[in-house]
Amino acid sequence: PYLQKIAAKYKDKGLVVLAVTSIEEQQPFALPYLAQKKYDFIGLAGSEAFSATWDVEGYPTTFLLGSDGRVYMKPTLYDQGHQRATELAIEQMLAHGS
């Protein structure tokens, strides 16, 4: 729910949330679930190679990428404090055009 709040808050400012599921067995229900819930995420099917390339340690893993493709933060979003820290990082990125 915290990631959805962030996605909704910043989508008009250029934030795009890609939700990649790399567990093939979950793809048939995970991607429709995102659409059903009307999350502001783009659902994508990934692979084990994707997870290895991005050093995914567990699910979910969140990355904050700038428009330059750099990873600026790997936030954990499980409470309002972490949500606010992520919002501040996003606001800084948006202010600097990253």
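Visitor: Ser51 has its place in helix α3. Why is Ser51 called buried?

Guide: This is a predicted model, and the call rests on a computed value. Ser51 has a relative accessible area of 9%. Buried means under 20%. So Ser51 counts as buried.

Visitor: How far is Ser51 from Thr61, in sequence and in space?

Guide: In sequence, 10 residues separate Ser51 and Thr61. Their C-alpha atoms are 9.6 Å apart.

Visitor: Where is Val17, and what makes Val17 buried?

Guide: Val17 belongs to strand β1. Its relative accessibility is 10%. The cut-off for buried is under 20%. Val17 therefore counts as buried.

Visitor: Which distances relate Val17 and Thr62?

Guide: Along the chain, Val17 and Thr62 are 45 residues apart. From C-alpha to C-alpha the distance is 9.7 Å.

Visitor: What is known of the largest pocket's volume and lining?

Guide: The volume is about 1,400 Å³. The lining of the largest pocket has 45 residues, and those closest to the centre are Leu3, Val17, Leu18, Ala19 and Thr61. Two or more lining residues come from each of α1, β1, α2, α3 (48-53), β3 (64-65) and α4.

Visitor: How does that lining divide by residue type?

Guide: The count for the largest pocket is 31 nonpolar, 13 polar and 1 charged.

Visitor: Now the charged pairs. How many salt bridges does the structure hold?

Guide: A search of the whole structure gives 4.

Visitor: What makes the contact of Lys9 and Glu87 a salt bridge?

Guide: The N to O distance between their side chains is 3.4 Å. The definition asks for a Lys or Arg nitrogen within 4 Å of an Asp or Glu carboxyl oxygen, so the pair qualifies. This pair links distant parts of the chain: Lys9 is in helix α1 (residues 2-10), Glu87 is in helix α4 (residues 80-95), and they are 78 residues apart.

Visitor: Why do Lys9 and Glu87 get different labels, one partly exposed and one buried?

Guide: Lys9 has 43% relative accessibility. Partly exposed lies between under 20% and over 50%, so Lys9 takes that label. Glu87 has a relative accessible area of 5%, under 20%, and is therefore buried.

Visitor: How do you know that Asp40 and Lys11 form a salt bridge?

Guide: Their closest N and O atoms are 3.3 Å apart. The limit is within 4 Å, so the pair passes.

Visitor: Why is Asp40 called partly exposed?

Guide: Asp40 stands at 25% relative accessibility. That is not under 20% and not over 50%, so Asp40 is partly exposed. Lys11, at 43%, is partly exposed too.

Visitor: What makes Arg84 and Glu91 a salt bridge, and what joins them to Lys9 and Glu87?

Guide: The side chains of Arg84 and Glu91 meet at 3.5 Å, N to O. With a limit of within 4 Å, this is a salt bridge. Salt bridges with shared partners join Lys9, Arg84, Glu87 and Glu91 into one network. Arg84 is partly exposed at 36%, and Glu91 is partly exposed at 31%.

Visitor: Which residues make up the nonpolar surface patch, and what makes Leu44 eligible for a patch by accessibility?

Guide: The patch consists of Val16, Leu18, Ile42 and Leu44, with about 350 Å² of accessible area together. Leu44 lies in strand β2. Its relative accessible area is 34%. Patch residues need over 30%, so Leu44 meets that cut-off.

Key
Residues are numbered from 1 along each chain as its sequence is written. This is a predicted model: local features need pLDDT of at least 70, side-chain atom pairs count only at pLDDT 80 or more; totals for chains, interfaces and linings use all residues. Side-chain values use heavy atoms; hydrogens and water are left out. Helices (H or I, at least four residues) and strands (E, at least two) are DSSP runs, numbered from the N terminus. Buried means under 20% relative accessible area, exposed over 50%, partly exposed in between (1.4 Å probe, protein chains only). Patches are made of residues with over 30% relative accessible area and no salt bridge: like charges are joined within 9 Å, nonpolar side chains (Val, Leu, Ile, Met, Phe, Trp, Tyr) within 5 Å. Accessible areas come from the Shrake-Rupley method with a 1.4 Å probe; for residues, only the protein chains shown count as cover. On a 1 Å grid over the protein atoms alone, a cavity is a set of points where a 1.4 Å probe fits but cannot get out, and a pocket is an open set with protein on both sides within 12 Å along at least five of seven lines; lining residues have an atom within 4 Å of a point. Grid points are joined across faces, edges and corners, and a volume is the space filled by probe spheres set on the points. Ala, Val, Leu, Ile, Met, Phe, Trp, Tyr, Cys and Pro count as nonpolar, Asp, Glu, Lys and Arg as charged, and the others, Gly among them, as polar.
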